[in-house]
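Work through the exercises below with the sequence and the model side by side, and try each task before reading its solution.

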Amino acid sequence: MGFNNKLLFSLVVAVPLMVNAFVWNVGDDAGWSGQAQFDYTHWAVRPMFLVGDDGLRFVYNPDITNVVEVTYCAFKSCDATSPLVSYNTGDDTVPITKLHQYFISGNPDDCNNGLKLDIPAYNSSYARFWRPTR
């Protein structure tokens, strides 16, 4: 009964790639709110988001705002008139599916006051392996 080196190699390589999937709470305890005076730009550069296995959880008051996924140009101008996707339940988990995703508040005043989020993501098995835990 010999030792199977291929099996060992598969386990060493594959197991770390299957762990560390996170759902990130946008804004941490502040949530998604124009009232919070929260720096979403700073928040977005802290974690290492990964395409395909991460999600963003937006918690907010749907009577006041919503979450709109938009293009880069719409993000820069806070234009929610042609969204890629709109969310309005007050507790939405959005998968990270691209290397860059842009989210804004559908309320133009909130968006212009900073309620917008630029998510850079990685699509690398090395990033999955080396990403630190929360």
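The exercises that follow concern a predicted model, and they treat its sheet, its nonpolar cores and its salt bridges in turn.

**Exercise 1. Work out the strand order of the open sheet of five strands, and explain why one side of each edge strand lacks a neighbour.**

Step 1. Begin with strand 2 (residues 49–50), which pairs with strand 8 (residues 116–122) in the parallel sense over two bridges; here Phe49 stands opposite Ala121.

Step 2. Continue from strand 8 to strand 7 (residues 100–104), where the pairing is antiparallel and runs over five bridges, with Ile104 opposite Lys116.

Step 3. Turn to strand 4 (residues 67–70) and strand 5, which pair in the antiparallel sense over three bridges, Val68 having Ser86 as its bridge partner.

Step 4. The order of the open sheet is 2-8-7-4-5, and the pairing is mixed. Strand 2 and strand 5 (85–87) stand at the edges with a single partner strand each, so one side of each has no neighbour in the sheet.

**Exercise 2. Identify which elements give two or more residues to the largest nonpolar core, and which residues a second core includes.**

Step 1. The largest nonpolar core has 21 residues, and those with the most contacts inside it are Trp32, Trp43, Leu56, Phe58, Leu117 and Ile119.

Step 2. Helix 2 (40–45), strand 3 (55–59) and strand 8 are the elements that give two or more residues to this core.

Step 3. A second core, separate from the largest one, has eight residues, among them Val70, Cys78, Ile104 and Cys111. Ile104 has thus appeared twice, as a member of this second core and as the residue opposite Lys116 in strand 8.

**Exercise 3. For each of the two salt bridges, find which parts of the chain are tied together, and decide whether each partner is buried or partly exposed.**

Step 1. Arg57 forms a salt bridge with Asp91, and their closest N and O atoms are 2.8 Å apart. Because Arg57 lies in strand 3 and Asp91 in strand 6 (residues 91–95), the pair ties together parts that are 34 residues apart in sequence.

Step 2. Arg57, at 30% relative accessibility, counts as partly exposed, and Asp91, at 41%, also counts as partly exposed.

Step 3. Lys98 forms a salt bridge with Glu69, and here the closest N and O atoms are 3.1 Å apart. Since Lys98 lies in the loop between strand 6 and strand 7 and Glu69 lies in strand 4, this pair ties together parts that are 29 residues apart in sequence.

Step 4. Buried means under 20% relative accessible area; Glu69, with 4%, is therefore buried, whereas Lys98, with 36%, is partly exposed.

Key
Residues numbered from 1 in each chain as written. Predicted model: local features only at pLDDT ≥ 70, side-chain atom pairs only at ≥ 80, totals over all residues. Heavy atoms only, no water. Pairing = 2+ DSSP bridges. Helix = DSSP H or I, 4+ residues; strand = E, 2+ residues; numbered from the N terminus. Core = buried A, V, L, I, M, F, W, Y, C linked by side-chain atoms within 4.5 Å. Buried < 20%, exposed > 50% of the residue type's maximum accessible area, 1.4 Å probe, protein only. Salt bridge = Lys/Arg side-chain N within 4 Å of Asp/Glu carboxyl O.
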